[in-house]
Amino acid sequence: LARGVTEPDLAGRHVVVSAGGTREPLDPVRFLGNRSSGKQGYALARTAAARGARVTLIEANTGLPDPAGVDVVRVGTAVQLREAVLKAASDADVVVMAAAVADFRPETYAAGKIKKKDGQEPEPIVLVRNPDILAEISADRPRPEQVVVGFAAETDDVLANGRTKLARKGCDLLVVNEVGERKTFGSEENEAVVLGADGSETPVPYGPKEALAETVWDLVAHRLR
Ligand code: CTP
Ligand code: CA
């Protein structure tokens, strides 16, 4: 095929992509959140649709406009994201967890706004673990041939950390980003290495998030055959 013409190699496939970052409420006006922009997940959704897939995009707090031809489900918290991913994954060929999921949530939610009290130190915030959606989907696939992809941002020994995480999560592919100055959060570009459970290692040079998305779908399409 000519350059710029997309091959519909995901036609007839249902892919589920999560994007953005979860927010864990403390009270009606406050939450614990993270800096994920959702741009990488949206790039994955757009490129999968262009390659012919039926796409369910589960987005958490991105504020981004719906991509054309994609079913969008909006969620807020990690628990809501889990519900939506498990539901959509039941008939999916591929699940890609690009969302930044809060590892912890406040143990209690204050129904009324938390107020300062004169002369009193603040109450500590007690956190509890959130469910690990990627590990759960990977261990208990609704379809045995389903391909499951995770993302990880790492520092220090990026590749070794990525390998350990891939094994712990039990997914097929793990896209590992190195976090640093110009890299990742909110930017239009990304640089990564995609690790495969089969031992493969695919470097993706610094470039648009679309290019990384296309590489992920190339690797996924290969595993679907
Ligand atoms: N993830 C998930 N559910 C969670 C946490 C993470 O599904 N509760 C997914 C993310 O969407 C991502 C992958 O797991 O695809 C890796 O996330 P990361 O935060 O790097 O992994 P953790 O296991 O939380 O490890 P860490 O302690 O390094 O944060
Ligand atoms: Ca985490």
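# Close-up views of a predicted model

**Figure 1. The open sheet.** An open sheet of eight strands, with mixed pairing, follows the order 5-4-1-6-9-10-11-12. Its edges are strand 5 (71-75) and strand 12 (201-208), each of which pairs on one side only. From one strand to the next, the twist averages 20 degrees. The structure shown here and in the other views is a predicted model. The average pLDDT of the protein chain is 94, and 96% of the residues score at least 70. For the complex, the predictor gives an ipTM of 0.99 and a pTM of 0.96.

**Figure 2. The parallel pair formed by strand 4 and strand 5.** Strand 4, residues 54-60, pairs with strand 5 in the parallel sense, and the pairing extends over five bridges. Within this pair, Ile 58 of the one strand stands opposite Val 73 in strand 5. The loop between strand 4 and strand 5 contains Asn 61. Although Asn 61 is not a glycine, this residue has a positive phi of about 60 degrees. Most residues other than glycine have a negative phi. Asn 61 counts as buried because 22 C-beta neighbours lie inside 10 Å, and the class of buried residues begins at 20.

**Figure 3. The antiparallel strands 10, 11 and 12.** Strand 10 and strand 11 run antiparallel and are joined by five bridges. Leu 174 stands opposite Leu 195 in strand 11. Strand 11 also runs antiparallel to strand 12, to which six bridges join it. In that pairing, Glu 189 stands opposite Pro 208 in strand 12. The hairpin of strand 11 and strand 12 has four residues between the strands, and in this hairpin Gly 199 takes a positive phi near 95 degrees. In general, strands of a sheet pair through backbone hydrogen bonds, in either the parallel or the antiparallel sense.

**Figure 4. Two helices lying across the strands of the sheet.** Helix 2, formed by residues 78-89, lies across strand 1 (14-20), strand 4, strand 5 and strand 6 (94-97). The direction of helix 2 is at about 175 degrees to strand 4. Helix 5, formed by residues 209-224, lies across strand 6, strand 9, strand 10 (173-178), strand 11 (189-196) and strand 12. The angle between helix 5 and strand 12 is about 150 degrees. Strand 6 is thus named among the strands crossed by helix 2 and among those crossed by helix 5.

**Figure 5. The shell around ligand 1.** Ligand 1 is surrounded by 13 residues, of which the closest are Met 97, Val 101, Ile 133, Leu 134 and Gly 150. Two elements give two or more residues to this shell, namely helix 3 (133-139) and strand 9 (147-154). Strand 9 supplies the largest share, three residues. By class, the shell comprises nine nonpolar, two polar and two charged residues.

**Figure 6. Asp 156 and Asn 161 after strand 9.** Asp 156 is found in the loop between strand 9 and helix 4 (158-169). Asp 156 has a positive phi of about 60 degrees, although this residue is not a glycine. Asp 156 is exposed, since 7 other C-beta atoms lie within 10 Å and the limit for this class is 12 or fewer. Asn 161 has its place in helix 4. With 16 C-beta neighbours inside 10 Å, Asn 161 counts as partly exposed. When neighbours within four places in sequence are left aside, Asn 161 is in contact with Glu 154 and Asp 156. Asn 161 and Val 176 are 15 residues apart along the chain, and their C-alpha atoms are separated by 9.0 Å.

**Figure 7. Pro 8 in the segment before strand 1.** Pro 8 has its place in the segment before strand 1. This residue counts as exposed because it has 11 C-beta neighbours inside 10 Å, where the class extends to 12 or fewer. Leaving aside neighbours within four places in sequence, Pro 8 is in contact with Arg 51 and Gly 52. Pro 8 and Val 216 are 208 residues apart in sequence, and the distance between them in space is 15 Å, C-alpha to C-alpha.

Methods
Residues numbered from 1 in each chain as written. Chains lettered and ligands numbered in written order. Predicted model: local features only at pLDDT ≥ 70, side-chain atom pairs only at ≥ 80, totals over all residues. Near = placed C-beta within 6 Å. Nonpolar A, V, L, I, M, F, W, Y, C, P; charged D, E, K, R; others polar. Pairing = 2+ DSSP bridges. Axes fitted to C-alpha atoms, helices over the stretch in contact; angles between N-to-C directions. Contact = placed C-beta atoms within 7 Å. pLDDT = per-residue confidence, 0-100.
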